[in-house]
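Trainee: I am new to this structure and would like to learn how its descriptions are justified. Could we look at it together?

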Amino acid sequence: MAKDTLGAVARYDGLRFRRATVQGVGIHYQEAGDPARPHLVLLHGFPSTSRMWDRLIPTLATRYHVIAPDYPGFGLSEAPSPAAFSYTFDHLAAVIGELVRQLGIRRYTIVMQDYGGPVGFRMAMADTGAVAAIITQNAAAYDEALGPVWDARKAFWKDPVSNREALQSNLLSLEAARTRHVGKTPNVELYDPNTWNDEYVMLNRPGMADIQTALFYDYRNNVVSYPKWQAWLREVKPRMQVVWGRYDASFTVEGAHGFGRDNPNCETHILDASHFPMDEKPDEVRALHMEFLSSYL
């Protein structure tokens, strides 16, 4: 077993791969650590799954109880058609929130990245008292995070019929999957190409383009909700850590700084990494998260 930078022994043998049914949908999730310890709920990004946390869970599990689900339509969770399931971020948050309650978890810390941000903010605002702290990695909550790559996406929101093909190229192509990971990093050799190739395969499963396009059309409601999330941060002032990769091509580094302006209980760390900080700086990210969690849990 490996040691993290704080000296804890990373545990791999306690990881469990489980399944639950929530609102009639089969939800796959990973679980690790002692359920008697403080709970962490890890919310993955796009087009990832709970696998994106593979470098983090074994370290967190040495001191915490970890739950990492796949959303409906992602990974090993069921993917009903958009005709049978409403793919909105409100709905994803409701499903994952219900999963957490099914597991008997009443208070927890949210660890969220990318799509995990809109899911996590909704969960936190639905039950503020349940949230002990928040950790966010490259998850937008401010307009300034949305750089030039979002032009095609905003056009799709305005006219989804005419811009559907351009949106799918911008969001679902193999090149888009690669760019989402490497961004503008000068250290491409640190990135495992299997990651974006696996994600591209998932995005090309039957029916997946319709699912992801439907969900992304709802993403416009996240942008509309930014002021509401910001007001919540100003009012509640949760203990919060922001870890942001400066080479991100999806969310610009300017988007990292708003959290600290609105929330005096927020610490912000800008790393030499891209959209998924764990890709390039896993040791640094693990150390930052463990130090933060040990201070407040």
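Trainee: Leaving aside neighbours within four places in sequence, which residues is W196 in contact with?

Mentor: Before I answer, keep in mind that this is a predicted model. Apart from those sequence neighbours, W196 is in contact with L174, A177, R178, H181, V182 and Y191. They are called contacts because heavy atoms come within 4.5 Å. W196 itself is found in helix α7, residues 193–203.

Trainee: How do you know whether W196 is buried or exposed?

Mentor: Set the value against the cut-off. Buried means under 20% relative accessible area, and W196 has 8%, so W196 is buried.

Trainee: How far apart are W196 and D90 in sequence and in space?

Mentor: In sequence, 106 residues separate W196 and D90, and from C-alpha to C-alpha they are 27 Å apart in space.

Trainee: Let us step back to the whole chain. What makes it as compact as a globular protein of that length?

Mentor: The protein chain has 12 helices and 8 strands. Its radius of gyration is 18 Å, and the globule rule gives 19 Å for 297 residues; the two are close, so the chain is as compact as a globular protein of that length. Its C-alpha atoms fill a box of roughly 50 × 40 × 40 Å along the principal axes. Of the 297 residues, 55% count as buried. Among contacts between residues at least 6 apart in sequence, 74% join residues at least 24 apart.

Trainee: How are the 8 strands of the sheet ordered?

Mentor: They form an open sheet with the order β1-β2-β4-β3-β5-β6-β7-β8 and mixed pairing.

Trainee: Why are β1 and β8 called edge strands?

Mentor: Strands β1 (16–22) and β8 (266–271) each pair on one side only. Two strands pair if there are at least two bridges between them. For example, β1 and β2 pair in the antiparallel sense over 7 bridges, with R16 opposite E31 in β2. In the hairpin of these two strands, which has 2 residues between them, Q23 takes a positive phi near 50 degrees.

Trainee: What joins β2 to β4?

Mentor: Strand β2 (residues 25–32) is joined to β4 (residues 65–69) by 4 bridges, and the two run antiparallel. Here A32 stands opposite V66 in β4.

Trainee: And which sense of pairing do β3 and β5 show?

Mentor: Those two pair in the parallel sense over 5 bridges, and H39 stands opposite Y108 in β5. Strand β5 is also joined to β6 by 6 bridges, again running parallel. The bridge partner of V111 in β6 is I135.

Trainee: What makes you say that both faces of β5 are covered?

Mentor: On one side Y108, I110 and M112 are buried, and on the other T109, V111 and Q113 are buried too. That agrees with the count for β5: 6 of its 6 residues are buried. As for helices, α2 (residues 89–102) lies across β1, β2, β3, β4 and β5, running at about 110 degrees to β1. Helix α3 (residues 116–126) lies across β3, β5, β6 and β7, at about 155 degrees to β5.

Trainee: Why are α8 and α9 called roughly parallel?

Mentor: The axes of α8 (residues 208–218) and α9 (residues 220–236) cross at roughly 25 degrees and come within 4 Å. Angles under 35 degrees count as roughly parallel, and therefore α8 and α9 are roughly parallel to each other. In their contact, F216, Y217 and D218 in α8 meet R220, N221 and N222 in α9. These contact residues divide into 2 nonpolar, 2 polar and 2 charged.

Trainee: What makes D114 worth a look?

Mentor: Most residues other than glycine have a negative phi, and most peptide bonds are trans. D114 is not a glycine, yet its phi is positive, at about 50 degrees. D114 sits in the loop between β5 and α3 and, at a relative accessible area of 6%, is buried. N138 also has a positive phi, about 40 degrees, without being a glycine. N138 lies in the loop between β6 and α4 and counts as buried at 0% relative accessibility.

Trainee: Which residues does a cis peptide bond join?

Mentor: The cis bond joins F46 and P47, with omega at about -5 degrees. P47 is found in the loop between β3 and α1.

Notes:
Residues are numbered from 1 along each chain as its sequence is written. This is a predicted model: local features need pLDDT of at least 70, side-chain atom pairs count only at pLDDT 80 or more; totals for chains, interfaces and linings use all residues. Side-chain values use heavy atoms; hydrogens and water are left out. Axes are lines fitted to C-alpha atoms, for helices over the stretch in contact, and angles run from 0 to 180 degrees between N-to-C directions. Angles under 35 degrees count as roughly parallel, over 145 as roughly antiparallel, 65 to 115 as roughly perpendicular and the rest as oblique. Ala, Val, Leu, Ile, Met, Phe, Trp, Tyr, Cys and Pro count as nonpolar, Asp, Glu, Lys and Arg as charged, and the others, Gly among them, as polar. The radius of gyration is taken over C-alpha atoms; the globule rule is 2.2 Å times the number of residues to the power 0.38. Buried means under 20% relative accessible area, exposed over 50%, partly exposed in between (1.4 Å probe, protein chains only).
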